[in-house]
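The following exercises concern a protein–DNA model. Please examine the sequence and the structure before working through the solutions.

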Protein chains: 2
Amino acid sequence: MIKPDIVFVAKLAGVSPATVSRVMNHPDLVHPATRKRVELAVEKSGYIRNRAAQAMHGKRSATIGLVVPTVANTIFAEVVQAFNDTVSAQGFTLLLASHGYDLEVEYRLVRKLLEHRVDALAVVGLDHSPGTFRLIAEQRVPLLAIWNYLADSPLPCIGVDNREAGRLAAEHLVALGHRRIGMVFPATFDNDRARDRKTAATAVFRAAGIELQDRWQVEVPYSIAQAKAACLELLAGEDRPSALLCANDVIAQGAIYAAARLGIAIPASLSVIGIGDFAGSAQMEPALTTVRIPAQQIGISAGQAIVEAIGRPDADFMIRSRVELELIMRTSTGIAAEMVRP
Amino acid sequence: MIKPDIVFVAKLAGVSPATVSRVMNHPDLVHPATRKRVELAVEKSGYIRNRAAQAMHGKRSATIGLVVPTVANTIFAEVVQAFNDTVSAQGFTLLLASHGYDLEVEYRLVRKLLEHRVDALAVVGLDHSPGTFRLIAEQRVPLLAIWNYLADSPLPCIGVDNREAGRLAAEHLVALGHRRIGMVFPATFDNDRARDRKTAATAVFRAAGIELQDRWQVEVPYSIAQAKAACLELLAGEDRPSALLCANDVIAQGAIYAAARLGIAIPASLSVIGIGDFAGSAQMEPALTTVRIPAQQIGISAGQAIVEAIGRPDADFMIRSRVELELIMRTSTGIAAEMVRP
DNA sequence: AACACTCTTGCAAATGTTTTCATTAATTCT
DNA sequence: AGAATTAATGAAAACATTTGCAAGAGTGTT
């Protein structure tokens with residue numbers, strides 16, 4: 001019992017392979033009666049068409065590559081889901097790869113995805129190795145950066161302005177009167193998102209005449225556990241900041257748990273702000289004040305844009321779409337203690 | 001400027017296409033000097049081999065399909081990551097699909113993955129539509145169920161015994177003297193994991209002579225927000241359970257936030273137990289008592305098993321591997337109030 | 001020096017589709 | 001009714017690779 005191919009089905013239906021192909025790809029070109037017969041033969045033989053052969057013919061592979069730093073935590077879960085749903089509804093399948101914040105690994109992954117002849121590629125952020133860019137340019141595959149927006153980005157992008165995110169968060173703390181501010185960020189090397197947020201926030205603080213104490217700046221990877229551990233250390237003792245600006249909600253959640261453990265009242269004695277508004281941030285107690293990144297909207301828009309780009313292979317693909325950030329004030333931030341008049 | 005194919009590279013290197021192919025697939029068969037020349041030509045021309053053409057030849061497609069209910073929350077994030085890392089290290093690329101707990105959607109996704117001629121398929125759990133099973137059997141693609149273990153499962157599986165998970169959680173509550181018990185579960189239709197956990201837990205309670213009050217059994221989807229909302233309702237008023245058994249940690253986190261909001265002390269007046277030990281469960285305050293599912297280990301083992309299965313296409317693939325559960329006692333559960341002697 | 005090997009390499013067939021072009025059948029128009 | 005369209009199908013080339021087979025070039029043996 002051999003796997004049925006298109007000629008097997010054709011024989012079974014008493015037509016030529018060409019007709020079977022047309023039934024699959026341009027059903028309107030074939031007579032309803034023949035179509036019925038072919039569909040029956042397909043059904044009966046259990047035929048499943050071979051996309052590889054189709055792709056080989058220069059046609060679409062009907063796949064889209066998505067490269068993310070990680071799927072292991074909440075950060076990108078929502079975009080990935082929304083993006084996948086969107087392109088999947090259009091008949092595409094997602095090839096997923098994750099590089100763990102290592103751009104050299106990313107290069108290899110992109111290469112692998114190109115070997116599979118993905119019809120388009122989406123990556124997170126605008127920081128990529130030159131090799132990656134060269135590769136994609138050579139292959140003329142539509143490439144879309146998601147998550148970040150930059151007015152003069154070298155490649156199409158759909159996302160948020162991370163400098164604005166940093167600015168919004170910082171301004172919120174400044175507006176509440178905080179001057180003793182700690183920042184908890186991951187390494188900003190190879191990570192333009194964290195870098196942009198941090199520099200923008202720093203600029204705001206500087207403009208407000210706030211001096212950032214080195215001892216309140218800590219570097220942690222994106223992990224609740226490590227963020228909590230780092231914050232436990234940072235917040236121990238009397239000499240601690242009155243507010244913590246965290247690179248994203250995962251870190252902010254860690255910070256809040258650390259404060260809870262230490263019995264530090266939020267927001268009375270400590271304010272914590274995150275960036276992202278990930279799942280759970282709104283529900284936690286205290287609810288996390290954050291700069292909302294509309295992940296779902298990004299995923300959907302990105303999916304639509306990329307499908308559209310695949311649709312016009314000749315037109316060169318350039319879109320720069322900024323989705324709006326929003327400061328979501330919840331209960332994890334409050335007026336700085338020293339500003340509260342009795 | 002046309003994209004270089006294998007014959008272009010061959011010409012550039014002054015060899016035949018066959019030799020180039022051998023350099024890519026069986027490097028040891030070609031003379032080191034020629035190999036060098038070919039590699040140089042590949043480099044110079046920016047050639048990227050076409051997996052589609054390769055797959056068409058009956059060879060491997062070097063892809064593995066993974067179908068999960070969702071990637072939008074923490075539940076499967078860790079397995080997906082570990083699985084991806086493992087197979088990726090072996091040169092495979094992941095085709096990802098998510099069906100949102102709808103087995104009819106799953107059928108269509110599986111079909112799509114088979115069109116792409118994945119070398120193997122992994123799915124979550126043992127509940128699947130008959131069509132899905134038929135499809136996969138016809139195509140003779142190795143199929144592996146992850147997350148669940150069942151001694152007499154109809155297909156290879158690597159995961160945990162969900163009945164045991166439910167049992168461990170329930171026994172823990174019973175051991176602490178709880179008799180007024182609520183359960184927060186998602187719909188168990190089409191979801192063998194939730195179903196197994198629930199029936200096992202129910203059996204334990206019944207054996208302990210505990211009567212489950214209908215008003216304390218609630219059904220919620222896997223979402224922190226909805227779990228919290230449901231628990232706010234469940235826990236309002238005086239007539240509430242002393243312990244909550246949650247189908248998984250996502251729901252349990254929602255329950256804990258609900259209690260925090262209502263000012264119900266955990267574990268003094270309410271115990272909450274989850275299943276899963278997802279990221280953040282250990283760090284939250286109070287730290288969540290849970291039945292640990294070693295997601296990473298499952299992902300790695302599953303990746304290894306499936307790659308191995310691809311390696312021996314003739315031998316039929318059957319593995320049933322149970323990974324051990326472990327009750328992790330933290331601070332969200334405690335002795336039932338009515339058992340505490342002054 | 002002839003023989004039997006082993007290494008390398010090229011030729012050509014095969015893989016499963018899609019698509020262009022041509023052919024035949026059916027329909028419409030005058 | 002005959003010509004001119006239009007619709008439906010088939011034949012065959014094309015797509016980019018892999019691999020079995022065969023041939024040529026060295027190498028060691030007698």
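Three exercises with worked solutions follow.

The model is predicted: local features need pLDDT of at least 70, side-chain atom pairs count only at pLDDT 80 or more, and totals for chains, interfaces and linings use all residues. Residues are numbered from 1 along each chain as its sequence is written, chains are lettered from A and ligands numbered from 1 in the order in which they are written, and side-chain values use heavy atoms, with hydrogens and water left out.

**Exercise 1.** Describe the protein surface near DNA strand D, where near means a residue heavy atom within 4 Å.

*Solution.*
1. The strand has 25 residues around it, and those that come nearest include A:Thr19 and B:Ile6.
2. By class, the surface has eight nonpolar, 12 polar and five charged residues.
3. H2(B) gives the largest share, four residues.

**Exercise 2.** Determine which parts of DNA strand D the protein approaches, and identify polar contacts (pairs of N or O atoms within 3.5 Å).

*Solution.*
1. Sugar or phosphate accounts for 63% of the strand's atoms within 4 Å of the protein, and bases for the rest.
2. The side chain of A:Thr19 places an N or O atom 2.7 Å from a phosphate oxygen.
3. The side chain of B:Tyr47 likewise has an N or O atom 2.7 Å from a phosphate oxygen.
4. For B:Asn50, a backbone N or O atom lies 3.3 Å from a phosphate oxygen.

**Exercise 3.** Establish how chain A is related to chain B.

*Solution.*
1. A turn of 180 degrees and a shift of 0.0 Å along the axis lay chain A on chain B with an RMSD of 0.1 Å, using least squares on the C-alpha atoms of residues with pLDDT of at least 70 in both.
2. The two copies are therefore related as by a two-fold rotation axis.

Conventions
Near = heavy atom within 4 Å. Polar contact = N/O pair within 3.5 Å; in protein donor to acceptor, adjacent residues only side chain to side chain. Helix = DSSP H or I, 4+ residues; strand = E, 2+ residues; numbered from the N terminus. Nonpolar A, V, L, I, M, F, W, Y, C, P; charged D, E, K, R; others polar.
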